Number of protein chains: 2
Amino acid sequence: MEPKPLRAKTSGKEALDRAAWIAGALDIVARDGIDGLRVESLAKKLGVTKGSFYWHFKDRRDLIDAVLDDWRASRIRDIRKQTVAEPGGELAALRHTIDVYAAARNRKGISIEAAIRIWARQDGNGLAVVEEVDAERLDCTRRLFLALGLPAAEAAARSALLYAYVFGFSMMQCGRFPMDAAQTKDWIVGRITQ
Amino acid sequence: MEPKPLRAKTSGKEALDRAAWIAGALDIVARDGIDGLRVESLAKKLGVTKGSFYWHFKDRRDLIDAVLDDWRASRIRDIRKQTVAEPGGELAALRHTIDVYAAARNRKGISIEAAIRIWARQDGNGLAVVEEVDAERLDCTRRLFLALGLPAAEAAARSALLYAYVFGFSMMQCGRFPMDAAQTKDWIVGRITQ
DNA sequence: CAGATTCCATACGCAGCCGTATGGTGTCGA
DNA sequence: TCGACACCATACGGCTGCGTATGGAATCTG
């Protein structure tokens, strides 16, 4: 009954699907931003022409919305995965979350996030997506603080500080900072979580 | 002896100088980013044609560099102004700095900063400018913490937390957040400064 | 095997933008 | 009054990018 949309081509070249286009688009977004995401250059990067693109997508906006949906889903999936904690392991989970998100590694993810966030200032749909991700992230860390027994207001404040710090830190990773000193980081993590 | 380059035109229309072009450029950068800064659209916004632009600037890159220089100078001037403190007033100066920089107002300034920072990831000159501004801001707040008698490592860590928080907060001001609750803000400010 | 469907190439018109070349108008100094 | 210069308009060629129209090759279906 399933139409089985992905056909296993016997020839050497695999047919592209929307997921492949979105993956390629994310590479470009990380480097050039949403505005730098061009149909023809993306097609060239994938080794095809835009004739292929306009078969999979209605227009450029359709691609952008697909990228946005993909990003939202992956970001929500990730924050939920990073913030799972056994009872009693909430503090370790918080430290782990800060460590993962405020990392010099994951440059591509940071670039994508920054690009989407900047662009979303001028776009209603993008704005909604960013707000959903922000809300979920704040909620996940807030729940951990609540599980540690903190009062609601302090849990909200700590999660806000955590998120703002992590995001601000990652956004400033253009150049090497004195911020990446281990001693400084440890002090900050303690200040947020304890 | 001075060549007096700016002539007071007696006619109604004032002649444009580089400063006027830069000011107009900053408006566009705030809305569309550096990549959205186009010579012809900027000229249209200023009520002239690009014939005028190419008299004042060598090319589009020349304008961008001028915008960068202007932004760096104004940001360094501003952080120095906001962080002056009488002896004994360092804590108040720190609170004032957080209040000024992590404000929902000043949306244009935040947009400009974010746009420049994003764009600087792909540009050497922009990167250098951003790093200069970051270094100066970190240094200004660090000096305040040092004046409060904190040890050097903690002063550095606090200034890093302050900067990352303020910047992350301002970058997330797309939608309304639970972060702007007065109670939450007060808790965070205390956590950073005390 | 014949037709339908999937996936992509090619070609076209249109628009935006860059940088240059060139001409025009107003203002200044001698 | 007369160049000289500051400031800007107009016009041009070239490039990039969007979206569409159309054709073609490969695969699936009956």
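Reader: What places Val39(B) in polar contact with DNA strand C?
Author: In this predicted model, a polar backbone atom of Val39(B) lies 2.9 Å from a phosphate oxygen of DNA strand C. A polar contact requires a pair of N or O atoms within 3.5 Å, and the distance of 2.9 Å satisfies that limit.

Reader: Which atoms of His56(A) and Tyr54(B) approach a phosphate oxygen of DNA strand C?
Author: In both residues the side chain is involved. An N or O atom in the side chain of His56(A) is 2.9 Å from a phosphate oxygen of the strand. For Tyr54(B), a polar side-chain atom lies 2.8 Å from a phosphate oxygen. Both values fall within the 3.5 Å cut-off, and the pairs therefore count as polar contacts.

Reader: How many residues surround DNA strand C, and which elements supply the surface near the strand?
Author: There are 20 surrounding residues, and the closest are Thr49(A), Trp55(A), His56(A), Lys50(B) and Tyr54(B). At least two residues each come from helix H3 (50-56) of chain A, helix H2 (39-45) of chain B and helix H3 (50-56) of chain B. H3(A) gives the most, with five residues. By class, the surface has six nonpolar, seven polar and seven charged residues. Among the atoms of DNA strand C within 4 Å of the protein, 59% are from sugar or phosphate, and the rest are from bases.

Reader: Why is Arg117(B) called buried or exposed?
Author: The threshold for a buried residue is under 20% relative accessible area. Arg117(B) has 1%, and it is therefore called buried. This residue is found in helix H6 of chain B. Its side chain makes a polar contact of 2.6 Å with the side chain of Glu113(B) and another, of 3.0 Å, with the side chain of Asp134(B).

Reader: How do you know in which class of exposure Asp78(A) belongs?
Author: The relative accessibility of Asp78(A) is 17%. Since buried means under 20%, Asp78(A) counts as buried. Asp78(A) is part of helix H4 of chain A, and its side chain is in polar contact with that of Tyr101(A) at 2.6 Å.

Reader: Why is Arg18(B) placed in its class of exposure?
Author: Partly exposed is the class between the buried limit of 20% and the exposed limit of 50%. At 33% relative accessibility, Arg18(B) is therefore partly exposed. Arg18(B) is located in helix H1 of chain B. Apart from neighbours within four places in sequence, Arg18(B) is in contact with His56(B), Phe57(B), Asp62(B) and Ala66(B). One of these, Phe57(B), is 39 residues away in sequence, with a C-alpha to C-alpha distance of 7.8 Å. The side chains of Arg18(B) and Asp62(B) form a polar contact of 3.5 Å.

Reader: What class of exposure does Lys185(A) have, and what does its side chain reach?
Author: Lys185(A) has a relative accessible area of 23% and is partly exposed, as this value lies between 20% and 50%. The residue sits in helix H9 (residues 182-193) of chain A. Its side chain reaches the backbone oxygen of Ala102(A) at 3.3 Å. Lys185(A) and Ala102(A) are separated by 83 residues in sequence and by 9.6 Å between C-alpha atoms.

Reader: How do you know what span helix H4 of chain B should have?
Author: The expected span is 1.5 Å times one less than the number of residues. For the 23 residues of helix H4 (residues 60-82) this gives 33 Å, and the end C-alpha atoms are 33 Å apart, which agrees. Buried residues of H4(B) include Leu63(B), Trp71(B), Arg72(B) and Asp78(B). The buried residues pack against H1, H2, H3, H5, H6 and H7 of chain B.

Reader: What makes H6(A) mostly covered, and what covers its buried residues?
Author: Of the 14 residues of H6(A), 10 are buried; Ile110(A), Glu113(A), Arg117(A) and Trp119(A) are among them. The cover includes helices H1, H4, H7 and H8 of chain A, together with H6 and H8 of chain B. H6(A) reaches 20 Å from its first C-alpha to its last, close to the 20 Å expected.

Reader: What is the secondary structure of chain A as a whole?
Author: Chain A comes to nine helices and zero strands. Buried residues make up 47% of its 194 residues.

Notes
Residues numbered from 1 in each chain as written. Chains lettered and ligands numbered in written order. Predicted model: local features only at pLDDT ≥ 70, side-chain atom pairs only at ≥ 80, totals over all residues. Heavy atoms only, no water. Helix = DSSP H or I, 4+ residues; strand = E, 2+ residues; numbered from the N terminus. Buried < 20%, exposed > 50% of the residue type's maximum accessible area, 1.4 Å probe, protein only. Contact = heavy atoms within 4.5 Å. Near = heavy atom within 4 Å. Polar contact = N/O pair within 3.5 Å; in protein donor to acceptor, adjacent residues only side chain to side chain. Nonpolar A, V, L, I, M, F, W, Y, C, P; charged D, E, K, R; others polar.
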